Amino acid sequence: MKIEQAKKTEEGEIQHLILEEYFEPAGIEGGTNNRPDLQNIIEFYHSKNGNFWVMKNEEDEIIGTIGTHEMMYKKQPVGILRRFCIAEKYRDCGLGLSLLKNVENFCKEKKWGYLMLGIDVRTKRVKKLYIR
């Protein structure tokens with residue numbers, strides 16, 4: 001598995017993964033509508049002093065995503081973690097931790113005080129992951 005910065009040409013595949021693996025199982029409707037970070041992924045994250053990464057398998061298919069961007073909180077820059085998604089057949093084997101460590105290193109480089117979660121709590125699996 002490899003982690004790399006997302007490319008503009010991969011936005012369709014990223015959108016498909018997030019919609020299929022995250023929104024649809026949770027019954028979240030609307031696709032990319034009203035979600036500016038999914039409509040133009042690269043531009044959105046870079047314009048907010050952030051980045052977006054993909055994890056690829058041996059066949060070069062995108063199997064995971066994660067993004068972070070800067071936000072001011074109590075007059076301090078912090079990172080917001082968003083769009084953390086792993087394809088179902090690759091879950092529960094530590095790959096998500098690799099993506100999180102990548103974001104953690106990015107946040108340290110940016111000297112952000114901490115990382116806040118930007119998640120949709122309508123999914124039981126997401127709640128379970130972050131309650132651990």
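Q: Is Glu 21 buried or exposed?
A: In this predicted model, burial is read from relative accessible area, and under 20% counts as buried. Glu 21 has a value of 17%, so it is buried.

Q: Which side chain does Glu 21 meet in a salt bridge?
A: A salt bridge needs a side-chain nitrogen of Lys or Arg within 4 Å of a carboxyl oxygen of Asp or Glu. Here the partner is Arg 91, at 3.4 Å from N to O. Glu 21 belongs to helix 1 and Arg 91 to the loop between strand 4 (76–86) and helix 4 (95–110), so the pair ties together parts 70 residues apart in sequence. Arg 91 is partly exposed, at 21% relative accessibility.

Q: Which residues are joined into one network by salt bridges that share partners?
A: The network consists of Glu 4, Lys 7, Glu 10 and Lys 56. Within it, Glu 10 pairs with Lys 7, the closest N and O atoms being 4.0 Å apart. Glu 10 is buried at 8%, whereas Lys 7 is partly exposed at 40%.

Q: How many salt bridges are there in the whole structure?
A: The search finds ten. One of them joins Lys 8 and Glu 11, at 3.1 Å from N to O; Glu 11 is buried, with 7% relative accessibility.

Q: Which element gives the most to the lining of the second largest pocket?
A: Helix 1 does, with five residues. The pocket has a volume of about 170 Å³. Its lining includes Glu 13, His 16, Glu 21, Asn 57 and Tyr 90.

Q: How do the lining residues of that pocket divide into nonpolar, polar and charged, and what are the counts?
A: Five are nonpolar, two polar and five charged.

Definitions and conventions: Residues are numbered from 1 along each chain as its sequence is written. This is a predicted model: local features need pLDDT of at least 70, side-chain atom pairs count only at pLDDT 80 or more; totals for chains, interfaces and linings use all residues. Side-chain values use heavy atoms; hydrogens and water are left out. On a 1 Å grid over the protein atoms alone, a cavity is a set of points where a 1.4 Å probe fits but cannot get out, and a pocket is an open set with protein on both sides within 12 Å along at least five of seven lines; lining residues have an atom within 4 Å of a point. Grid points are joined across faces, edges and corners, and a volume is the space filled by probe spheres set on the points. Helices (H or I, at least four residues) and strands (E, at least two) are DSSP runs, numbered from the N terminus. Ala, Val, Leu, Ile, Met, Phe, Trp, Tyr, Cys and Pro count as nonpolar, Asp, Glu, Lys and Arg as charged, and the others, Gly among them, as polar. Buried means under 20% relative accessible area, exposed over 50%, partly exposed in between (1.4 Å probe, protein chains only).
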